[in-house]
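Biologist: Please take me through the cysteines of this protein, and give me the reason behind each label.

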Amino acid sequence: MSELKHTGILKSAAIFFAVLMAHSGAYSEPAPLWYVVSSLCYNVFSGNALRYPNAYPDKTLQLNCPENITTTCDIDKCSADISNGLDVEVVKGTPASTTWNMEGATEAASPRTGINQIGKYVFNEGVTFVTYTAVDNLGDGVSCSFSVVVTDKQIPEISVPENVSIGCNDRVPSPHTTLQAFLNAGGWASDNCNLNPATFKLESEQKSNSTCPYTITRTYQIADRHGNVGEAKQFILVEKRTEPVMNEQEKGLTLKSGMANAITSTALGGPWNDGTSWVGGTFPLPGDNVIIANGATISMTGSQICNDITINGTLNCVANTLQVYGSWVNNGAFNAGTGTVEFAGTSNPSLSGSSATVFKNFRINKGAVGNILQINKDIQLGGTITFTSGLMQINSGVTVNCTFNAGFTIENGAGIFINGGTFTTGAFPIDNNGLFR
């Protein structure tokens, strides 16, 4: 029906109604014409033929968007999986369609028809703006918005090149001044989001004694673009020598068990690098055998190095790197956190104990494929798994279970030997350039 026809009907109806009222037997004060016309319009055109913005106040749509969300990245990811608090609430009216749109750090949109809720979603690091829009049967729409802020709080992971052992009269190697030089020397750095190579630096260098023998401790540092800082320590052992010295490839930093100092924790333990946490008041140095007493808890506050390690109590790695040049015995509890355990040196140590060990990030760097890490107790691997050199031998009755990984690499000169044991992985690729026997 056209607008002209509507107008004609309204005028006719108004005149008819006015004449009817004028000739009515029961006289009363005539009603205003606007009332007559509007009342008649409402009764005649009560469907969708005419639309009046305020005719149906109960049909007006109203939405209630979620509150703004602030969260942190999931471990080892540059995103956050949010599973609740993302759906819009319709507090008034009945929408014909509800859609959503994301802009900013995360770009996405729902179908343009139907009733759509986000439910759960993986949001990228940064700020994402989410807008819901609802439209009723008359085509009127209403929108509301909220933000999702995902921040990165995870510190970068950094591992130093192998430690150095030199004589008193030998030249002390220069520190690494660039990240590339650090990596070329065998160092390693990674971050869940965005590493900032320009922040790499030698944070400090300390000398334990003014005369030989002494230990130089170099602390390297790197940050990501959010300012989270990771650090690792490299040790240079300067010692007196009276006989020909093997080179680093031949010797590493591994000492024979009978020659290494045994450093045992106190009954309660404490921070690794605090002398009060250890019997005798001296914390372990590289090359020492570490024993964590039953009932004691040792927490790493930085990256550390040892020869053999025996865990009868609890060791908290947190987000640090522990280099082990000897054997690993776990009779207690190892809490990996987001840290890294690296089996280094050129010896043939073993991994054993009464407790299965769950590692987060795991590396083998044993110099050559002929240097073997014997696995004599069940272990579980996750995070980043890297075999740079050396062989992991899984012996009979033992299970190595890879439940999750952020990258599994076996380089040339490294490998896995399943010697009667079991090796289980999930559905993920392994970059194998070495031996798999």
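Modeller: What follows is a set of questions about cysteine pairs and how they are labelled. This is a predicted model, in which local features need pLDDT of at least 70 and side-chain atom pairs count only at pLDDT 80 or more, while totals for chains, interfaces and linings use all residues. Residues are numbered from 1 along each chain as its sequence is written, and side-chain values use heavy atoms, with hydrogens and water left out.

Biologist: Why is the link of Cys-65 and Cys-144 called a disulfide?

Modeller: A disulfide is a pair of cysteine sulfur atoms within 2.5 Å. The S to S distance of Cys-65 and Cys-144 is 2.1 Å, so the pair qualifies. The structure holds three disulfides.

Biologist: What makes the disulfide of Cys-65 and Cys-144 right-handed?

Modeller: The torsion about its S-S bond is about 80 degrees, so the disulfide of Cys-65 and Cys-144 is right-handed. Cys-65 sits in the loop between strand 1 (62–64) and strand 2 (69–72), and Cys-144 in strand 9 (residues 141–151), so the pair ties together parts 79 residues apart in sequence. Strands here are DSSP runs (E, at least two residues) and helices are too (H or I, at least four), numbered from the N terminus.

Biologist: Which handedness has the link of Cys-168 and Cys-212?

Modeller: With -65 degrees about the S-S bond, the link of Cys-168 and Cys-212 is left-handed. Cys-168 lies in the loop between strand 11 (164–167) and helix 3 (179–184), and Cys-212 in the loop between strand 13 and strand 14 (214–224), 44 residues apart. Their sulfur atoms are 1.7 Å apart.

Biologist: Is Cys-78 buried, partly exposed or exposed, and why?

Modeller: Buried means under 20% relative accessible area, exposed over 50%, and partly exposed in between (1.4 Å probe, protein chains only). Cys-78 has 26%, so Cys-78 counts as partly exposed. Its partner in a disulfide is Cys-193, which at 14% counts as buried.

Biologist: How do you know that Cys-73 is not bonded to Cys-193?

Modeller: The closest cysteine sulfur to that of Cys-73 is in Cys-193, 4.2 Å away, and because a disulfide needs a smaller distance, this is too far for a bond. Cys-73 is buried, because its relative accessible area is 11%.

Biologist: Why is Cys-402 called buried?

Modeller: Cys-402 has a relative accessible area of 1%, so Cys-402 falls in the buried class.

Biologist: What is the pairing of the bonded cysteines, numbered in sequence order?

Modeller: The pairing is 1-3, 2-5, 4-6.
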